[in-house]
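User: Please take a close look at the metal site and describe which side chains take part in it. A word on strand pairing elsewhere would also be welcome.

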Amino acid sequence: MTLYNKDYEIVMGLEIHAQLKTKTKLFSTSIANFGAEPNTQANAVDLAMPGMLPVLNTEAVTSAIKFGLAINAEIAPVSVFSRKNYFYPDLPKGYQISQFDLPTVGKGVLDVTLEDGSTKTIRIERAHLEEDAGKSVHDLGSNSVSHVDLNRAGVPLLEIVSFPDFRTPEEVAAYVKKLRAIVQYIDICDGDMSQGSMRCDVNVSVRKKGEHKLGTRREIKNVNSIKNIIKAITYEANHQVDIIENGGEVQQETILWDPDAGVTRSMRSKEDAHDYRYFPDPDILPLRISDERIEAIKATMPELPEQKKARLMADYELSAYDAEVITSSKETADFYEEVLEAGKDAKLCANWLIVELFAILNKQDLELHETPVSAKQLGELVGLIVDKTISGKIAKTVFEEMVATSKDPKVIVEEKGLVQITDTSAIEPIIDEVIASDLGQANAEKFRNGADRILGWFVGQVMQKTQGKANPAMVNEILKEKLK
Amino acid sequence: MSEVDIKTVEKLARLSQLDFNEEEKATLQNEFGKIFDFVSQLQEVDTENVEGMTSVVKNASTPQRQDNPQNQISRDNLQSNAPSTEMGFFVVPKIMD
Amino acid sequence: MNDILKLTITELIEKLKTRELRSVDVTKAALERIKERNDSINAYITICEETALKQAEISDQKLDDGEAGMLEGVPLGIKDLFCTKGIKTTAASKMLADFIPPYESTVTQNLLDEGAIFLGKLNMDQFAMGGSGETSAFGDTINPIKEEEKLTAGGSSSGSAAALADFQCFGATGSDTGGSVRQPASFTNTVGFRPTYGRCSRFGMVSFASSLDQAGFMARSVEDTALMFRAASGFDEKDSTSADVAVEAYDEIINDLEVKGLKIGLPKEYFVDGVDQKVKDVINAKVEQFKAAGAEIVEISLPHTKYAVPTYYIVAPAEAAANLSRYDGMRYGLRVEGENLSDTYAKSRSAGFGWEVKRRIMVGNYVLSSGYYDAYYSKAQKVRSLLSLDFEKAFEQVDVIFAPTTPELPFELGGKIDDPIAMYLCDIFTVSSALAGIPCISVPAGFTPEGLPVGLQILGKAFDDAKVLQAAKKAEDMNK
Ligand SMILES: [Mg+2]
Ligand SMILES: [Zn+2]
């Protein structure tokens with residue numbers, strides 16, 4: 001349980017900054033990639049040199065429209081870029097160009113599935129386009145200076161702001177995962193939280209249960225993983241309850257999560273920092289988006305997680321749980337599709353992916369993209385079961401070998417001679433041999449006298465003699481016939 | 001006369017990142033009084049149902065460029081006016097969060 | 001002084017084309033004149049002797065080869081607000097005293113592409129904020145007309161106006177945010193044209209107030225400004241407010257206007273008591289000349305005129321406050337080291353900006369700050385709409401509007417610098433059109449009995465730049 005004090009509840013809202021995957025920046029033509037030498041991807045516009053002017057990147061606008069369509073939001077026919085004024089060395093113009101009262105994407109909704117299988121609808125207030133800031137490095141050389149790299153300055157962000165609809169950290173986690181899946185599906189953001197391409201700010205407040213007024217909120221900035229989000233919220237919410245219970249008052253402020261210490265810390269408050277003096281940027285005209293453009297983008301929208309889940313359930317009769325797990329990230333869904341291509345049997349493929357492969361990944365603490373068994377290999381393994389080349393039981397042995405060696409299943413089956421025996425003429429003499437043995441004769445007697453369960457002993461013997469390669473169904477059938 | 005107190009002058013100086021000595025602050029306070037008296041004439045104008053004019057260019061949409069990188073001036077040239085650089089970075093006074 | 005310096009640009013081009021004159025000789029003569037006079041007039045901040053002569057040599061070659069551009073070999077002065085690649089660009093401030101841009105502004109690039117020669121960078125009010133040239137960090141500019149009286153040449157394009165009036169260049173760029181080419185033109189008996197907003201790219205022009213800034217063109221004849229304007233204007237994809245409207249051959253069609261039947265509006269708000277009678281007399285005489293030539297004179301009203309200056313002094317400082325935030329001493333420009341980051345910011349900016357600039361930044365941040373935004377900034381935006389509407393209505397009735405450029409005559413340096421309101425009120429007839437973004441020009445209309453120049457201002461509707469220039473050409477012809 002999150003809160004130790006059961007008289008309280010937590011109220012949370014999220015602001016997520018998704019870095020858009022455009023080639024160039026929001027308002028300049030420099031490259032928006034990462035990892036380049038400092039300041040080699042920052043041009044005169046990014047450096048805010050005198051007389052430099054912004055020109056909007058059409059691809060960033062398209063990305064915002066895609067997102068709006070994905071959450072069923074209204075796309076504003078007219079949106080406005082404003083200047084948010086504050087001084088900071090990583091903010092070259094002394095203002096950030098962002099959308100203030102007229103964002104491109106209006107109200108929308110997102111349904112998230114919780115652990116218990118229930119669904120909760122989270123309302124999204126808005127999503128707006130804005131520029132990223134540069135990066136400051138504090139530990140390079142001399143202690144008395146910082147170093148500024150403006151390669152990131154001006155990279156397009158979509159800031160997605162939710163209503164304060166969250167009551168538990170698990171809801172927050174489910175929402176973040178869902179949002180990440182969506183931006184990946186529509187291919188506007190890589191969703192990598194550890195790299196900072198998706199950054200979460202959580203507004204946390206607490207109140208006594210039954211109260212309607214919102215408590216004073218504190219904003220936890222830039223938490224870089226879902227695990228840390230849960231930890232940070234849990235710590236912060238209990239901390240706020242403690243303050244109130246001790247007769248104090250929560251002060252509205254911005255705080256940082258310190259993952260090493262496991263506590264939240266307040267950022268040194270900057271005086272007057274909140275008076276951003278927003279006003280419409282006179283260097284940019286209002287952004288007008290036509291219905292035709294929206295329709296054209298709609299026509300290119302890929303399948304979204306919700307739609308894919310429904311399709312998997314309808315077409316392949318997957319369970320809601322399996323379909324949810326598979327579609328929860330684009331990576332998993334793409335992986336599954338590839339497994340299915342070679343594996344054919346949808347349910348069996350889902351099982352092998354969710355039960356067998358995920359167990360291994362969990363055990364070895366690997367991400368899906370680090371898997372020792374490729375999607376194609378896993379599909380081929382399932383294919384071998386489907387075409388009866390090997391039994392399900394043998395498949396587990398093969399799979400273990402695949403995990404250990406990353407070899408193709410066919411190679412392993414061949415090397416180890418694990419091909420299933422489906423030839424009656426090969427199985428029959430072995431069955432005869434078992435029945436003819438002393439114990440076999442005795443047990444056959446018992447079977448004929450009604451001890452059905454003794455059949456299992458015969459099957460076991462045959463499988464042992466064939467090193468598990470005999471087709472169990474055939475063994476069963478022939479045994480029943482011969483023991484009559 | 002519109003009164004602007006010294007505290008406001010000081011707050012504006014912080015927002016503007018400008019330093020003023022006491023005498024300058026007093027001068028500004030005095031001048032602001034006159035300036036805001038003067039611009040307050042606008043309150044007489046009936047602007048009900050009037051849209052603000054944020055740009056001379058009316059009813060146009062801001063131009064949108066294609067998402068293509070363009071050649072740019074070299075880092076050395078861009079940094080040739082910089083007060084201080086090191087290893088390609090701009091060197092600035094220590095930033096404390 | 002070498003008499004060739006008195007030629008207009010069109011006259012000079014003729015002589016360059018026939019090889020009667022060589023650009024190198026003309027450029028040398030102009031540089032001579034500048035060096036001889038800069039100590040007393042102070043029109044130039046930077047003189048580009050070497051590059052100018054090199055450019056002139058190339059121009060002469062091109063003229064010989066028959067590859068001449070529109071302005072091939074013509075020596076111009078450039079307001080020090082336009083970034084010029086490899087040439088110091090200061091905006092007349094300490095902040096940018098050593099700033100050398102690694103890029104060229106679109107306007108100056110267009111002029112270079114047409115063969116213009118840059119003699120140097122012209123003095124101005126710091127960051128274009130001022131109306132007398134006195135806010136420059138590089139000293140006052142002296143009006144060459146009645147030099148001994150130490151009158152202002154106007155501002156902010158003070159150096160441009162003075163250099164022209166003193167024959168230190170053949171044409172000059174200026175910039176006009178609230179009247180900064182028209183008022184100095186009026187004070188120096190030269191022509192100053194402000195095109196429709198968006199006609200000329202703002203790319204590479206040091207920003208003062210983005211929704212108002214527009215490049216301007218100054219010369220000793222209307223046709224010259226038309227030619228420079230034609231060469232420098234046009235759509236630019238690097239400026240989002242640039243207008244994609246075809247450029248006309250303004251110089252070639254300069255005489256294509258019939259005065260007979262031309263409807264001229266005289267706004268009654270521009271001929272009120274506060275206007276110097278001597279100014280009124282000169283303007284009225286000019287109106288009479290047009291009437292005599294068959295123009296129809298219509299009294300019109302621009303009812304919100306009185307609110308133009310207060311509106312301007314909210315909108316312009318607000319935009320300026322943000323536009324000048326980039327000058328923080330971190331990436332370029334003056335840095336004065338302080339005890340910590342914030343201290344360094346404040347020390348650098350305080351040392352880099354002059355008083356007028358600081359005051360406007362403070363005012364701008366005031367009108368934008370929470371609690372005041374609606375009362376000031378938002379209100380001003382609405383009144384701006386009404387001012388713009390005034391003009392739209394007026395141009396339903398008339399072709400062009402005539403008015404004085406300024407309510408008064410050139411005044412003494414130091415006369416108003418300590419009274420911001422008095423200084424701001426000088427802009428009363430120039431800011432409305434700037435707020436509306438319409439084309440306007442100041443053209444010499446005559447002199448007072450004491451020999452002080454008076455400018456006639458002609459305003460047209462948006463993108464009617466050609467008509468404004470044509471009407472100005474008629475007014476100029478009538479001076480002869
Ligand atoms: Mg935010
Ligand atoms: Zn943001």
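Analyst: What follows describes the metal site and then one sheet. This is a predicted model, in which local features need pLDDT of at least 70, side-chain atom pairs count only at pLDDT 80 or more, totals for chains, interfaces and linings use all residues, and side-chain values use heavy atoms without hydrogens or water. Residues are numbered from 1 along each chain as written, with chains lettered from A and ligands numbered from 1 in the order written.

The magnesium ion (ligand 1) has as its protein donors (N, O or S within 2.8 Å, or 3.2 Å for Na, K and Ca; water is absent, so sites may look incomplete) the OE atoms of A:Glu15 and A:Glu159, lying 2.4 Å from the ion. A:Glu159 also serves as a bridge between this magnesium ion and the zinc ion (ligand 2), the two ions being 3.9 Å apart. Because A:Glu15 belongs to strand E1 (residues 8-19) of chain A and A:Glu159 to strand E10 (residues 156-162) of chain A, the pair ties together parts 144 residues apart in sequence; strands here are DSSP runs (E) of at least two residues, numbered from the N terminus. A:Glu15 is buried (under 20% relative accessible area, 1.4 Å probe, protein chains only), at 17%, and A:Glu159 is likewise buried, at 8%.

Turning to the sheet, its 4 strands form an open, antiparallel arrangement in the order E8(A)-E9(A)-E3(B)-E2(B), where pairing requires at least two DSSP bridges. Its edges, each paired on one side only, are E8 (135-137) of chain A and E2 (85-86) of chain B. Between E8(A) and E9 (residues 145-149) of chain A there are 3 bridges in the antiparallel sense, and A:Ser136 has A:Val148 of E9(A) as its bridge partner.

Notes. Buried means under 20% relative accessible area, exposed over 50%, partly exposed in between (1.4 Å probe, protein chains only).
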